[in-house]
Structures are given as C-alpha cells and as structure tokens.
Amino acid sequence: MAWESRRRWPRVETWQREFPALIREFRDADGVAPRHTFFYPIEQYDAEVLQRIADLCAGTGSETEIHLHHDNDTADNLRRTLMQGIERAGQSRAPFARRHWRSALWLRPRQLGAR
C-alpha cells in the first residue's frame with residue numbers, strides 16, 4: 001500500500017501546486033472561484049493521499065465524492081464496504097458530498113449494481 005500511495009503522490013502534488021494558481025484570477029458573478037469535485041476510489045483508501053486531497057479542498061472550496069467499484073457485489077458486502085468507507089473518510093478533514101451516502105444506502109441492491 002505504501003508503494004501505491006507514493007505512486008499517486010506526484011498526481012496529487014500537481015493538483016496541489018497547479019489548481020490554486022489556475023483558479024486564482026477567476027471568479028463568477030458572486031465572486032466565487034471555480035471549484036473541482038474529486039472522485040476518490042474508497043476501495044483504494046489511503047489516509048495520506050486522502051488527507052492531501054482534503055487539504056486542497058479546504059484551500060479551494062472544492063469537494064470529494066466517494067467512488068466505489070461494486071459491480072456484481074452482494075448487498076451485504078456493498079453495505080459493509082460503504083459503511084467502512086464512510087467511517088474511514090470521516091477520519092480525514094475532506095469535505096465530502098455526504099448527501100449521496102444516506103440515499104445510496106437505502107436503494108435496493110440491484111439499483112446499486114449488487115446481486
């Protein structure tokens with residue numbers, strides 16, 4: 001896992017360095033800078049990478065949504081994986097689009113790609 005984490009660092013570091021500089025001069029009619037939504041694959045959870053993204057989000061007003069590959073999963077495992085991901089992600093300071101978590105947990109398993 002540590003090797004995989006280090007492999008992702010250059011990409012995250014590029015975002016940390018370039019995104020704030022890129023949006024610095026732009027504002028919409030309300031004075032709000034552009035924001036980005038990061039999609040984080042929760043099954044590849046890495047606290048260091050997620051914290052770097054959280055710091056970037058905190059500085060730019062961006063957010064992170066949880067992404068989960070779950071095709072052909074079972075309903076029980078899907079629920080367990082989602083709950084574990086929510087718990088882990090909640091340990092970081094990352095602003096997540098939480099509104100989707102609760103609604104997704106109440107969908108029928110077939111709607112979520114589970115069997």
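In the predicted model, Phe19 has a relative accessibility of 8% and therefore counts as buried, the limit for that class being under 20%. Trp15, by contrast, is partly exposed, since its relative accessible area is 31%. Both residues belong to helix 1, where they stand four residues apart, and about one helical turn thus separates Trp15 from Phe19.

Trp15 also takes part in a pairing with Phe38. The ring centres of Trp15 and Phe38 are 5.0 Å apart and the ring planes are at 70°, so this pair is classed as edge-to-face; planes over 60 degrees apart fall into that class. Because Trp15 is located in helix 1 and Phe38 in strand 1, the pair ties together parts of the chain that are 23 residues apart in sequence. Phe38 has a relative accessibility of 10% and accordingly counts as buried.

A search across the whole structure yields two aromatic pairs. In the pair formed by Trp15 and Phe19, the ring centres are 5.5 Å apart and the planes are at 55°, so the arrangement is tilted. A pair of aromatic rings is described by the distance of the centres and the angle of the planes. Trp15, Phe19 and Phe38 together make up one aromatic cluster.

Charged side chains were examined next. The structure contains two salt bridges. One of them joins Glu13 to Arg52, with 3.2 Å between the closest N and O atoms. Glu13 is part of helix 1 (residues 2–23) whereas Arg52 is part of helix 2, so this pair ties together parts that are 39 residues apart in sequence. Both partners are partly exposed: the relative accessible area is 35% for Glu13 and 23% for Arg52.

A salt bridge is also formed between the side chains of Arg17 and Glu18, at an N to O distance of 3.5 Å. Arg17 counts as exposed because its relative accessibility is 52%, and the limit for that class is over 50%. Glu18 is partly exposed, with a relative accessible area of 44%.

Asp73 presents another situation. This residue is situated in the loop that runs between strand 2 (63–67) and helix 3 (75–90). Asp73 is buried but has no salt bridge. The nearest side chain of opposite charge is that of Arg80, at 7.0 Å, and a salt bridge requires a side-chain nitrogen of Lys or Arg within 4 Å of a carboxyl oxygen of Asp or Glu. The distance to Arg80 therefore lies outside this cut-off. The side chain of Asp73 does, however, make a polar contact with the side chain of Asn77, at 3.0 Å.

A further loop residue, Glu43, was considered as well. Glu43 occurs in the loop between strand 1 (37–41) and helix 2 (47–60). With a relative accessible area of 36%, Glu43 is classed as partly exposed. When neighbours within four places in sequence are set aside, the residues in contact with Glu43 are His67, Leu68 and His69. Between Glu43 and Thr81 the separation is 38 residues in sequence, while the C-alpha to C-alpha distance in space is 7.8 Å.

Definitions and conventions. Residues numbered from 1 in each chain as written. Predicted model: local features only at pLDDT ≥ 70, side-chain atom pairs only at ≥ 80, totals over all residues. Heavy atoms only, no water. Helix = DSSP H or I, 4+ residues; strand = E, 2+ residues; numbered from the N terminus. Buried < 20%, exposed > 50% of the residue type's maximum accessible area, 1.4 Å probe, protein only. Contact = heavy atoms within 4.5 Å. Lys, Arg positive; Asp, Glu negative; His and termini not counted. Polar contact = N/O pair within 3.5 Å; in protein donor to acceptor, adjacent residues only side chain to side chain. Phe/Tyr/Trp six-rings, centres within 6.5 Å; stacked < 30°, edge-to-face > 60°.
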